[in-house]
Structures are given as C-alpha cells and as structure tokens.
Amino acid sequence: MSEPQAGAGTASTPADAAGDDLVRVENMVKYFPVRTGGLVRRTVGHVQAVDDVSLSIPRGKTLGLVGETGSGKSTLARCVAGLIPVTSGRVIFDGRDITNLSRGAMRPVRREVQMIFQDPYSSLNPRRRVGAIIGDPFAIHKTSTGGERKRQVQELMERVGLNPEHYNRFPAEFSGGQRQRIGVARALALKPKLIICDEPVSALDVSIQAQVLNLLADLQRDYNLTYLFIAHDLEVVRHVSDSVAVMYLGRIGESGPRDPVYRSPRHPYTAALLSAAPAADPDTAAARQRIILTGDVPSPIDPPSGCRFHPRCPKAEAVCGQQEPPLEAKAGDVATHLTACHFPVRAGENLAVAGRSEPT
Amino acid sequence: MSITGIEAASQETAASEGALDADAAKIEGRSQWQLTWRRLRQDKVAIAALVVILVIVLLAILAPAFVSITHHPPNIAYPNTGEDAAGNPVGPGTNGFWLGTDGTGRDLFIRILYGARISLFVGFVTTAIGAVLGVIVGLMAGFFGGFIDTVLARFTDAVLAFPYVVLALALAVVLGPSLTVIIGVITFFSWAAIARIVRGQTLSIKEKEYIEAARSLGAGPFRIMIFDILPNLLAPVLVLATLYIPTAIVFEATLSYLGLGIQPPTASWGDILADAQNFFQTSWWYVVFPALALLITTLAFNLLGDGVRDAMDPRTERVLAAGRGRRKRRGKRQVLADGQSELAAHAAPYVPPAEGS
C-alpha cells in the first residue's frame, strides 16, 4: 500500500488521524435496549450491537467490513449513514461531526452519504416506476423537476448499464442484477462522496455479482467515490477493498491493509474465517486445513468477558476471559495492521491442530 | 391532516410526478391496476355483479325519468287507483302500478327506485369518508408508533367494541333522525375497521428496506407516507371499501327500519320494509320487492368485492391459469392466513340481519 500511514490505517486513534480521511468513526457504541412487553416497559438489558469501534476510510478508497451475521456490521453502517442514532462516540464526515444530527441538519449530509442495500427486491418500492424511484433523490432535494429530472434519471440509468427506455417500468419487470443497478443509480444520483454498500451483492448470483462489483469499481474510479463495503464473502471483500476490518460481536478483531491481513491473519477468528472460505481450485481445497470453531456466536445481550472471542478460540487461555486485548499492531506487522488478541497467530502456525484440543 | 410545509412540498412534487406517470402509461403498461382489471375480467361472477351494480345505479339516477313515464311521483298517494275496496294495496301490474302499491297507495316501484338513491348515496358517502379517515388514522398510528399509536389504536379498538345499534339509537333520539345523523353514525363505525387494517399493513411496510432507502435519501415522514406507503395500501383499502358499501347499505336500512333513519315520506328500503310488515299476509309484493332490492344490491357488492380481492392477489393468477373453479380458490384462500384474507374477516363484522325481516 502506498498510502500515507494514517490514511491506510483502518482503526486509528483520533489524535493521529490525518486530514485525508473522508470518514472517521471514533469509539462508536450502539446499544439497543431490550424491553419487557406489556404496559409498563422495563429495560432489562442491551443488545451490544456495536461496542467501541473506531475506524477511518481515506478519500477514494474502499474499506471492507467483514464478519458473520449478527456481528454488528449493518448496525455500524446505519449509524454512519445517520439512519439510527448512536449511543456514544462520534462520526466525522469530511471534517464535520455528523453524529446524531437532527433530520434538518442531516439533510445536506444525505446528499453526500448514500447507501446501497442488500436486498434488491425489498429495497425498491414495488408500486413505483423505476423513473420515479431513481428520480426520488432529485425530488427530495428539489434539485430538478420535470423534463430535466427525466433526462438526469435516464443518464443515470445509462451510466449503470440499464436501458434508459425502461424508465417507465416497475421494479418487478427487472432481474435481481438489474434491480441492484437501479439501487446503485439511486445512490449515485446526488453525486455523493461516500457510498455505504450494505452487502450489495450477497443476494445475487455469482456471475451477476462480478458485473455489479465491476460497475462499482468503475464508478469509484470515475467519480472518486469512497466505499464502506460490507460483506460476509471474504473473496468479494478481497477483490474490492483497499483495507479490511473484521468484526466479531460488535468489536473489531483485526484491521489493516488488505494484503497483510489476508496473507498473514493475526487474529484466530480472522484465520478461521479465511480457512473457511471455499477455494476454487480442488487441489488447494483438499490440501487446506480448515479451522473448525466450536459453538455458536454468543448472545450480544450478554457478551463474554475479556476477549469476546475467547469461548470459541482454539488458543484461548485464562487471561483471555479476564482482560480485554487492546487493538494494536503486533510485532512484525506493518504499523497499520492492528489486532486485538493476547496470543496473535504466528506465521505458519497450525490452528486446525490447536482447535482439536479442548479450549478452556 | 394539517398542511405542513413538508406536505405542501410533496404535493407539489406529486403534481409533477403525476405528469410523469401519465406519460408512463402511454409507453409502458401493465401497472398493478391493469393487471388487476385483466384478472377481474376473467371472473364471470364479479363482472356479472359489476353489471348488476351499474344497472342499479342507472335505475337510481333515472328515477325521475320513470316518474315521468308512470306519472306517479314517489310521495303521492293514490287512494282511488292505488288501493282496493278494502283499503289494501293493489298488486303488481294493476292500474299502471308496475310493482303494485304500498300501504297508503303509493307506487312501490317508484319508491324502491328513490330508496335506491338513498341507499347508494349513504353506502358510497359513508364508505368514502370512512376509508379516508381510516387510512389517515391507521397510517399515522402505524407509522409514528409510540404514544400516537397507543392513543389511536386504543380509540379504534374502543369504537370497534361499541354496540353500534345502541349508539345509533341514542344519537337519533338526541339529535333527531336525519340523513346527516345516519351518515355520521355509519361513518363513525366504518372507519375503525379500515384503520385497523391500514395500521397493520403500515407496520409491515414500514420495515421494508425501501422505506429505509427513502429515509437515507432524506425524505421526511409525510413524503414517505404519501409516496412509499400509501401506494401499497390502495389495493387492500379498495377491497375493504367495496366490501363495506353493502354493510353500510344494510346498516342504513336497519336504522330506517327501526324508525331512526330516513323519515317518511322520503322513501328508504328499510322504511318501506317496516311499513310492509303490517301487510305481508295480504300483499306479498309489498315485502318481497324492497327486500329483493336490498338483497340483490348487497349481494352484488359483496361478490364484486370478492372478485376484486381475488384479482388483486397475484397468487390467484396461477390458479386461474390452471383452470380451477372459483369455489376451490375460496377454500384455498382461507387456508392462506395472509393480510388479504384477514380483510374479509374484518370487513363483515356487523352485518345486521335486516334482509330476513
């Protein structure tokens, strides 16, 4: 990576964050209250969806956020987009603090931060025509009307690879990939700086995934877009990302530039995820040893003490359940490759063997 | 609904979008409504019901024309030609009275036509007002949730739990029976069921990703309600409304039958039926024809509502294509516990047994 040091770092303290970051998330916490039903509602606990997460994305770059279902990726995205209020922490966008702004104050920011949603079927209103859906951003921000808007919409449709003559069709008349292109066009309409892609290709066929990913890459190059790219497909993230952050139970376990993280993962969870990704080459697949994690993801209402991964970690020792490991650069790694682990994985270490021994 | 700045703005955009949509219909087709109409056309029962309704509406509109043919205005009694020697009504076809006369020697056919005007007017007006109110209340309750929802939903439940005849009786006594009171009372009971359905639908639509997408674009609550939620509500509300018209008609007949509705000498089906009670042993036509008018009208609306609901449910297309009968589809629909069939359960909670009387 040829990035300046602070820029390439995905998780950095507020102090050393350079001015070239488009987005900085500082110590973000998002708890959802768990309430009892009935007339008098008592809060009996909190779902700790995002717990003390810091990250930053340099202008024009892509941060891939990976993690399994329930790790808090989407919650983090919605907090950054200002769709749900954060419990504490800050979101700095383009030098401005946009944390928990009122709807009116958020309006100008909405033009610069857009989202692409996961499900191309439920993210488009089935009762509205495609022209109206893509024209929505113009209508809401009153930037153009009538024929001018129609022209803009058709330009956008052409830009994302849709036939502009299909302007009057309903979403149901399009395939999944085309629908996702509609979603991309809608996000692109106001020429945003940041696009948050919440698993934009998870619902698509693999061949269609590549088309949409290539479209996103082209758009990034042409418009100098910055992406926060959320996925659970590690290969997709490797393809699109400049840097990667791995989330587990609301915390970041490991983050850093793409290649070091993929080549030598230091967190046992990252190593396990990477070993679980299917390989295209059957010889490689046969030779490879998978790290089988035991148990399920614990409840985010009552997360484990210390390192949140310790109940499932093949390397866990007593200290892991008591002390929370700081997110820091480990010996031998580049300064931007950060890992939150007491016993980071060494190069060549075979966790698959360690996994067979009973973890404490 | 108060006109806020946001709303005014969205109405402005509504106008321009409307223009786009009209443009759209020319080039592309096959909107939800066209598909619905296409399916409805296949349904012979629904089309027959629609024709019957149109005929009834036409007859009601043309009532004065029939008066000029028969020369029997609705409120004029004909003691000489309209009653026999014993003072009883004359039968159908006698002395130019097509369907006979009523207890005071008035032309029954003409009175049934004028009664149809009242019934249809009450049916359409109360349903329209009820639907608008129900949509507003349900949309607000479902969309905003929290305190607003608690208040509105509890109020809706209270209205639904109210014994409607008791309230109607009380109001008619206090305010004096009149067409306005009738419309008010029926509307008061008709919006609640619609509001409840709309609230439920809103709650489910609210969670869809396209609502979140609209919010992420910066759309305000009123814009989201009007542009994103309302279009999805129109189908169920239309079905409910079609099924509600006959209920309102029967309700009006019930109130008039009890003497609390339309006051004599204005003709109303319920009123005619109440008078006919005294003559049913001697003059069968006096009871049968107004009762038939009521029965045919409500049946036609119910069958049409059924057909519209089937046509709007995309799943029925498969069944139609397979060439299966209407009866089988009905049975299947009850098994599928979805929102659409829930409509039926809510749509007919209080059909008073007026037909039989």
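Chain A is divided into domain 1, which is assembled from residues 7-36, 45-112 and 192-354, and domain 2, which spans residues 126-188. This is a predicted model, and the points below cover how the two domains of chain A meet, how helices H4 and H5 of chain A pack, how chain B touches chain A, and what chain B contains.

**The two domains of chain A**

- The C-alpha centres of domain 1 of chain A and domain 2 of chain A are 31 Å apart, and the contact between these domains involves 11 residues of domain 1 and 10 residues of domain 2.
- On the side of domain 1 of chain A that touches domain 2 of chain A, the largest share is 5 residues, contributed by helix H7 (residues 206-223) of chain A.
- That side of domain 1 of chain A is made up of 9 nonpolar residues, 1 polar residue and 1 charged residue.

**Helices H4 and H5 of chain A**

- Helix H4 (residues 130-140) of chain A packs against helix H5 (residues 146-159) of chain A at an angle of about 110°, and the axes of the two helices are 9 Å apart.
- Because angles of 65 to 115 degrees count as roughly perpendicular, H4(A) and H5(A) are described as roughly perpendicular to each other, and H4(A) passes H5(A) in a right-handed crossing.
- From H4(A), the contact is made by Gly131(A), Ile134(A), Gly135(A) and Phe138(A), while H5(A) supplies Arg149(A), Lys150(A), Gln152(A), Val153(A), Leu156(A) and Met157(A).
- Taken by character, the residues of this contact between H4(A) and H5(A) comprise 5 nonpolar, 3 polar and 2 charged ones.

**The contact between chain B and chain A**

- Chain B gives 24 residues to the contact and chain A gives 27 residues.
- On the side of chain B that touches chain A, the elements giving two or more residues are helix H1 (5-27), helix H9 (209-217) and helix H10 (221-257) of chain B, and the largest share, 8 residues, comes from H9(B).
- The residues on this side of chain B divide into 9 nonpolar, 6 polar and 9 charged.

**Chain B as a whole**

- The secondary structure of chain B consists of 15 helices and 0 strands, and 42% of the 357 residues of chain B count as buried.
- Among the contacts in chain B with a separation of 6 or more, 75% are between residues that are 24 or more positions apart.

Methods: Residues are numbered from 1 along each chain as its sequence is written. Chains are lettered from A and ligands numbered from 1 in the order in which they are written. This is a predicted model: local features need pLDDT of at least 70, side-chain atom pairs count only at pLDDT 80 or more; totals for chains, interfaces and linings use all residues. Axes are lines fitted to C-alpha atoms, for helices over the stretch in contact, and angles run from 0 to 180 degrees between N-to-C directions. Helices (H or I, at least four residues) and strands (E, at least two) are DSSP runs, numbered from the N terminus. Angles under 35 degrees count as roughly parallel, over 145 as roughly antiparallel, 65 to 115 as roughly perpendicular and the rest as oblique. A crossing is left-handed if the near helix is turned anticlockwise from the far one by less than a right angle, and right-handed if clockwise. Two residues are in contact if their C-beta atoms, placed from the backbone, lie within 7 Å. Ala, Val, Leu, Ile, Met, Phe, Trp, Tyr, Cys and Pro count as nonpolar, Asp, Glu, Lys and Arg as charged, and the others, Gly among them, as polar. Domain bounds come from an automatic or database domain assignment. A residue is buried if 20 or more other C-beta atoms lie within 10 Å of its own, exposed if 12 or fewer, and partly exposed in between; C-beta atoms are placed from the backbone.
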